[in-house]
Amino acid sequence: FQVYCDFSGYTDIAIGAAETLGYKLSPNFNRPYFAISIQDFWKRWHISLSNWLTDYVYTPLTKSKVKIKWFYWMLCSLFITFVISGVWHGAAWTFVLWGALHGAYLVLAIATQKQWRKVHERLGLLKRPRLHIRLKIAATFSLVCLAYVFFRANTTADAFYILTHLHTGWTQPF
């Protein structure tokens with residue numbers, strides 16, 4: 001929540017300052033922690049950066065003359081775009097891994113979309129839309145928080161230490 005409050009807070013200040021000068025800026029965050037998928041998260045989170053990366057990195061990559069099937073190149077372009085997003089956030093491997101993880105999330109989500117729909121159908125989640133949405137929000141939030149470990153860690157060793165020790169240190173309630 002600290003990352004969101006920092007980003008959203010300075011964006012709100014910029015939007016407010018621009019309005020006092022007579023300029024209308026578009027919103028940069030749209031309740032991202034209520035996203036129902038990683039794709040939805042990136043439509044709601046840091047919208048200006050996402051749009052810039054789409055326009056100046058992803059779209060040019062997908063229009064290149066690569067000699068593999070377009071769908072696979074689109075997925076590769078998406079992954080590359082998110083790795084570049086990680087580098088943009090900072091010149092450290094933790095940011096590169098954060099970007100690569102989000103890129104992998106998106107690639108896997110797109111590549112397995114039909115299979116997940118079948119799983120949700122078999123589990124009866126499509127008949128219970130409120131539960132289905134809540135589970136999707138929880139899953140998306142969990143994946144985003146997992147990636148934040150890399151974003152906030154000082155080193156990759158620290159990030160992997162945190163991830164491998166998440167289950168330790170819990171005390172008995174009684």
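Let me start with the rings. A search of the whole structure turns up 22 aromatic pairs. Keep in mind that this is a predicted model.

I'll take one pair first, Y4 with W45. The two rings are tilted, 6.0 Å centre to centre, with 40° between the planes. Where do Y4 and W45 lie? Y4 is in helix α1, residues 2-20, and W45 is in the loop between α2 and α3, so the pair ties together parts 41 residues apart in sequence.

How covered are the two partners? Y4 is partly exposed, with a relative accessible area of 21%. The cut-off for buried is under 20%, so Y4 does not count as buried. W45 is buried, at 3% relative accessible area.

W45 has another ring partner, Y33. Here the centres are 6.0 Å apart and the planes stand at 35°, so this pair is tilted. Y33 sits in the loop between α1 and α2, and W45 in the loop between α2 and α3, so the pair ties together parts that are twelve residues apart in sequence. Y33 counts as buried, at 12% relative accessibility.

So W45 pairs with Y4 of α1 and with Y33 of the loop between α1 and α2.

Now the charges. How many salt bridges does a search of the whole structure find? Two.

One joins D40 and R44, at 3.1 Å from N to O. Both residues lie in helix α2, four residues apart, about one turn of the helix. As background, an α-helix has 3.6 residues a turn, so residues three or four places apart point the same way. Is D40 buried or exposed? D40 is buried, with a relative accessible area of 17%. R44 counts as buried too, at 19%. The limit is under 20%, so R44 falls on the buried side of it.

The other bridge joins K24 and E19, at 4.0 Å from N to O. The cut-off is within 4 Å, so this bridge is listed right at the limit. K24 is exposed, at 72% relative accessibility. E19 counts as partly exposed, at 45%.

Next, helix α3, residues 47-62. This helix bends by about 40° at T54. Which residues of α3 are buried? They are I47, L49, S50, L53, V57, Y58 and T62. What do they pack against? The buried residues of α3 pack against α2, residues 38-44, and against α4.

After α3 comes a loop, and I68 is in it, between α3 and α4, residues 70-89. I68 counts as partly exposed, at 44% relative accessibility. It belongs to a nonpolar surface patch of about 520 Å². The patch is made by V66, I68, W70, F71 and Y72.

Now the whole chain. How many helices and strands are there? Eight helices and zero strands. From the N terminus on, every element is therefore an α, in a run of eight. The C-alpha trace spans about 55 × 50 × 40 Å along its principal axes.

Of the 174 residues, 34% count as buried. The chain exposes about 11,900 Å², and carbon and sulfur atoms supply 65% of that. Then the contacts. Take those with a separation of 6 or more: residues 24 or more positions apart account for 52% of them.

To close, back to W45, buried at 3%. Its pair with Y4 ties together parts 41 residues apart in sequence.

How values were computed. Residues are numbered from 1 along each chain as its sequence is written. This is a predicted model: local features need pLDDT of at least 70, side-chain atom pairs count only at pLDDT 80 or more; totals for chains, interfaces and linings use all residues. Side-chain values use heavy atoms; hydrogens and water are left out. Patches are made of residues with over 30% relative accessible area and no salt bridge: like charges are joined within 9 Å, nonpolar side chains (Val, Leu, Ile, Met, Phe, Trp, Tyr) within 5 Å. Accessible areas come from the Shrake-Rupley method with a 1.4 Å probe; for residues, only the protein chains shown count as cover. A salt bridge is a side-chain nitrogen of Lys or Arg within 4 Å of a carboxyl oxygen of Asp or Glu. Helices (H or I, at least four residues) and strands (E, at least two) are DSSP runs, numbered from the N terminus. Buried means under 20% relative accessible area, exposed over 50%, partly exposed in between (1.4 Å probe, protein chains only). The bend at a residue is the angle between axes fitted to the seven residues ending there and the seven starting there. Contact means heavy atoms within 4.5 Å. Rings of Phe, Tyr and Trp (its six-membered ring) pair if their centres lie within 6.5 Å; planes under 30 degrees apart count as stacked, over 60 as edge-to-face and the rest as tilted.
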